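Got your viewer open? Let's take a short walk through this one, selecting a piece at a time.

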Amino acid sequence: MSISIRSLNKIYPNGNHALKDITMEIPTGMFGLLGPNGAGKSTLMRILVALMEPTSGEVDVFGYNLLKERKEVRGILGYLPQDFRFFAKYKTYEFLDYAARLAGMTNGRHRRQAVDEMLESVGLFDVRERYANRLSGGMKRRLGIAQALIHNPKLIIVDEPTTGLDPEERIRFRNLLAKISEQDVTIILSTHIVGDISSTCNSMALMNRGEIAFFGSPEEMRKKAEGKVWRMQISGDELHLVDKKYPVITTIPSGTGWEIQVVADEIEGYDAEPYPPNLEHAYVYYMEKKLNRWLDA
Amino acid sequence: MRNRLHSIRSVALYESKLLKRSWFYRIFFILAILFLGIFNFVALVWEGNPGFWLMKALPAVIPYANLLYLNTGQAIIAVFLSSEFLKSDKKLDTSEVFYVHPLSNAEYVVGKIWGNTRVFIQLDLLIILLVVIFNLISGVAIDWLAYLGYFLLICIPTLIYIFGLSISLMLILKSQAVTFVVLLGYIALTLFNIGDKFYYLFDYMAYNLPLVKSTIVGLTNWAIVINHRMIYLLLGLGFICLSIFLFRRLPNSKKASYRWLALSILLIVIGAGASYRHVASFTGAAAKRQLYTETNNRYVHTPKMVVERYGIDLQQRPRTIISEVEMQGVALEKSDRFTFCLNPGLQVSEVAENGTSLTFTREHQILLIDFGRVLEAGDSVRFTVKYEGRVDPGFCYLDIPNELLEEEYANQGFQIDKRYSFQKEDYVLFTPETYWYPRPGTSYSSESPDWQQAYFSHFRLKVTTLDNLKALSQGTMEGEEQLWEVKRTANPDEADEDRDTRDTSDAREIKGDRDTSDTRGPSDVRDTRGARDALRTKNLKEVEEPKEGEGANVFLYETDFPTPSITLVIGNYERKSVVVDSTLYSIIHLRGSDYFSDVFDLITDTIPAQIRERRRSLESNYNLDYSFHRLSLVEVPVQFCSYAHTWTQAQEVMQPEMILLPERGCLIDEANVAGGVENEKRWAQRRGQEISDEDAALRVLNRFLGLFQRAESNMDWSRERGAVNVSMKPNPYFIFPQLYNYRYNVFSSEWPVANRLIELYLQDRSEEATWMRQMNGISNNEKASLLMEQASFKELLADGEHRDLLDNIISLKANYLFAYAEQNVGYNEYRDSLRNLLQRNVFANLRFESLLDTMGALAEVDLHAPLEAWNHPTPLPVYILGTPEVVQITNRDQEVFVTKLQITNDSDYDGVINLDISFGGQYIYDPRAKRKIALAARETKRLVSVWEEMPRNINVNTLISGNLPSSINLPVSNVIRERNKPIDEEGDFVVENVSYDVPGEVIVDNEDSTLFVLTEPEVVGLLPQWLDQMDKGSFDYSGVSNWRPPLQWTLTTNDRYYGSRVRSAYVIKSGSGNQTATWKVPIPNAGTYDLFYWVYKPDDARHRGGWGRGGGRGRTRGDAEYHFKVHYDRGEDAAYIDLRRADDGWSLLGTYFFSEDTVRVVLSDECKLRSVTADAVRIVRR
């Protein structure tokens, strides 16, 4: 196991209980942390990268105690925060060089070489002299991952890396991560976009309101939703009513009405046929049905 | 470790990149380069600028000035920039990725600060390079060490401190805006409010720290300076450690974080300790002075000797002196033990008489010698004292209050350390103030003036110096010719030879002439020199250099006359000299300091004549002789500072036959001879003249020599809330002590200022200039009068607060003391008698009391009587002055001017005034024209005098009086011409029941609180009101500047205003007519009246359009009218007075028929002149 988290709690000074007694073991490879906004993902990430102290609990990272051996943990980390837009007045390559220096790359020649290679691999070599602030959103994100990877860390933590990217950039980014995960590293990817996880992660956790709602592989999670996804054909007027009754995942116009997919244990009063679930269906099923009901109970 | 440094370097590298890319820094960078570039160009290179002499004379001041200015800018900019990085860390979401790296908080914070500091250091180095270039171009020597020293002392601690402070404050306050407000407030507070207070402890920018470095002795206050800078360096480092602790990123380990806190506390505590040490060094010095004074107080009445002969044998050691002094003393009273005083830093090892050791006790400065037998008064004894050590300069000036000692000593804003003596391996300066040899009695006692001792002794001084350094002292030096060997560098041609012969004969003639009337010391010594002296006059380029080799470091001096004390100077000196009338005039400068010969060589031939002329004018001015055989200007370090003692004119820069000038004359603008030549030529050019280098050099020489003739130094301008104050300090280089103090001494057990009274009486200083009085609102003599009304002379002498007025107080008292006697004998005649009396007592102590006996008997006046009154406050008499009347009477071939003036003493106290009638043309002394007049209480005198010339002006100086102004000029106008009339009898006639009222005449003055009304000022905010209240001093009348008139009606005095006791008026800046002054004139009976207004012509009405470009309102010619409205029963009439045409005094506004009981005359502030003056209105019945 690369990371082991035990009874981790975080209560903010304003009383917000952001993490509630979280215990889990994160294996090597690409790990997805899925959850809606405010679920506590970023809090957990910030604790893992030693930017924040937990209120209680223990975390071991590759055998180092995160609370006591911060320096060692920091030594093996690469981190891309959720917000990564505003840069000081550095050029693209300077930003990367600065990160490389701080990561302990003291040899100037090696560092320059590494920077150039990294710029090349994230496709930023041509804009290396451009001020980082002037890069496009996608480029900035790529620069972000570049700085997180520049020193070959054992643990890479990326927080909501694809938010705000256009589909093409998002796919590029996922591919990049997938490529990296082929090496012997652990990547923790937090996201609220299911697609990020389904395409890349071999294990995952689902967080909601500070707790782990699901832990396992994406496939296991998908299986949980089998038989709960339905496809039906309805008229325009009915859509309004169905939407109120069931969580609607997709609506596609067809002829005079709509072809929709909903998540539900069973459908009453409508003509529906079961539909093979994907991860997104499973996520919605968890969020909208199971968790809420469970929480309500 | 390597990794740590790497992290710090990395953070620093990228932090400095950021700083250099910020616009804020770039603008500062450009401004700094521009400002300092222009500054250096103007100060050092531009030939049109005569100023900044200090920078040119003292090379170290160039980097000092530049780094001081740069540092101030940096200190302010650094506040903005350093707190910026914390803010940007917070603001920029990309910064956090750097936090997850393994570097420690310390590495990060230190890296950030180093990054910022580095950029500033680079800027500093760039500026230094720029300054070095200017320095090279200017031709001023480069003091490399100063560049480095000032950089380390000024810039580094300031930067570290301000970075540490602002970052830690930012972390504590968590708001950049609040941090700015707090820090800028702090900077403003330290810069403007605290300044040099608390011994410049709070001066983190080193603005008030005395840092001027001497070329001769370097910095003299190393310990204090380094300690002071360490305070800020340590505090800065402490704050940086605190910032590391407070930094909001999680530390790599908690323990490390607390270590930083501990280190921070430690550094701040050490810094506080250094602050304590700083303050303690000053308070400790004050306590020590107190101790010395108390010791003096205890011994002041113990038996004393007069030392008739001194034989001092002194050896210079690298850090100390070893000295053996043989003294021949005469007991002043019967005792076996006698008190002497020697600098407490010098340890006495043995006192012996005829080879037998005597017992002695030492308590600080006191040396109590037990002769083992009772000596009767008058008994003579010869004994030796051996001592060695270092002179403690903290022993000097025990009489000077601490506040004065702590006052800044600055030139052009550059602070100079104050030193009273120097004792270094390569330089020594001991003035008598240090008590470097044992002197009888004690030094200053705060309890009894009995400590004072201007005993005249004979001195023989033998000095053995180190490293062939030269020793200077008073008197004739044995083997002087060998020491200052003449080396010719120029071959004088035959024409020169001729001129020299002429000069010599001329010189001899004058010398012979003088010798007959003079009782000078042995002149045979001088005569043997004649021929050689003549040669010396020839060319100043003759460099006199010491002979190297055996015996060259032993110097033997013997005084030519008895002298109160001697001075010792040791240094690598060279001499340039010229003999005029067998007096040797020298400039003795340190090697490499000859910056003047190039200029003076141009006028070698005329220098003797110039010196002779100066000397003649000085001697005749004070009717005293310069008695020494030589006069040397000796170059001493810039830090050498002296104070004016209350009892003497002579400051320590003035020593018998020696004047100690700061190195290269750097504090004296007149000493900038090369710049002076350029100036003279430029000024001449502006006047459309072309003058030669020789002419210019001559003018420069004259200007320089003028320095020694002025009683007061240059004006000191200060500004307080817009009001300008001008003051003048006594000129320490005023040569008077050479004529008086080292020859005569008037002494009194009761009146320590006896000698000063006589000095000031003989000097008879003139009143300060009218314009100065007008700006300050009051003259120093008036202040002195007002003080005397409140406290006795004795109290005032002991009062440190009004020290700057003591000369005025003493001078007024002296004038009063001799007033009656002078009235009987005559102004000059009486002073001459006094000089004769002094001359009879030359080189001896003359008791004040016996002086009063003699001088009183001479004039048949009891001079002791006024002394009793000196123990009480002086009630101030008040005088009313009439208008002078001059009648020109022509009787056949005879034409005379009869002058009449009526003066009343309108008080219950007797008083004396000084009358000075001046005529056009040359000043010729006439005892009738310049004299004292006594006026008893309530007495009126009509002064009638008859002159062959027309009196132009009558000055009445009311001396000690309640009159404001106290000195009044009455210009003579309206001369009445009459023919064939009997000429009035001359004399001062007492007139009975005199009235100044004229029937049918009513005058309303601005002093009349019921009949004179002013409009309220238009807008007055609360703050200005409060400030005005705070500002209101003890004095009701303010100063008014003609070129910056007040914005509100301001009450001020001037002798050209109307008034009886107080000649006052209200002045306001000209406006639009909103502000008015109103006189309500009561009408005795209905009838036709002439209405007059008292006109005071301001300068811009006096000089018709002569103010050129800056003329302002005064430019509008012909429209300089005052606008009046006369409100009476017939309605409202407008009336005007054209100030350009009107004369000072009453001016007719118009003729009116008044029937009601009150008429209102309103003056508006609408005027084209700069100001409007509201004074007095008069009606006269037709």
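The tour below goes from the domains to the place where two chains touch. Keep in mind as you click around that this is a predicted model.

**Stop 1: the two domains.** Start with chain A and colour residues 3-216 as domain 1, then 224-296 as domain 2. If you place a marker at the C-alpha centre of each domain of chain A, the two markers sit 34 Å apart. Where they meet, domain 1 of chain A puts in 9 residues and domain 2 of chain A puts in 7 residues.

**Stop 2: domain 1's side of that contact.** Stay on chain A and select helix 7 (194-198), strand 9 (203-208) and strand 10 (211-216), the elements that each give two or more residues to the side of domain 1 touching domain 2. Which of them gives the largest share? That's helix 7 of chain A, with 3 residues. Now colour this side of domain 1 of chain A by residue class: you'll get 7 nonpolar residues, 2 polar ones and no charged ones.

**Stop 3: chain A meets chain B.** Bring chain B into view and pick out the contact, which takes 28 residues from chain A and 23 residues from chain B. On chain A, go to helix 2 (70-75), strand 6 (77-80) and helix 3 (92-102), since each supplies at least two residues of the side that touches chain B. Zoom in on helix 3 of chain A, which gives the most to this side, 5 residues. Colour by class once again: the side of chain A that touches chain B shows 15 nonpolar, 4 polar and 9 charged residues.

How values were computed. Residues are numbered from 1 along each chain as its sequence is written. Chains are lettered from A and ligands numbered from 1 in the order in which they are written. This is a predicted model: local features need pLDDT of at least 70, side-chain atom pairs count only at pLDDT 80 or more; totals for chains, interfaces and linings use all residues. Domain bounds come from an automatic or database domain assignment. Two residues are in contact if their C-beta atoms, placed from the backbone, lie within 7 Å. Helices (H or I, at least four residues) and strands (E, at least two) are DSSP runs, numbered from the N terminus. Ala, Val, Leu, Ile, Met, Phe, Trp, Tyr, Cys and Pro count as nonpolar, Asp, Glu, Lys and Arg as charged, and the others, Gly among them, as polar.
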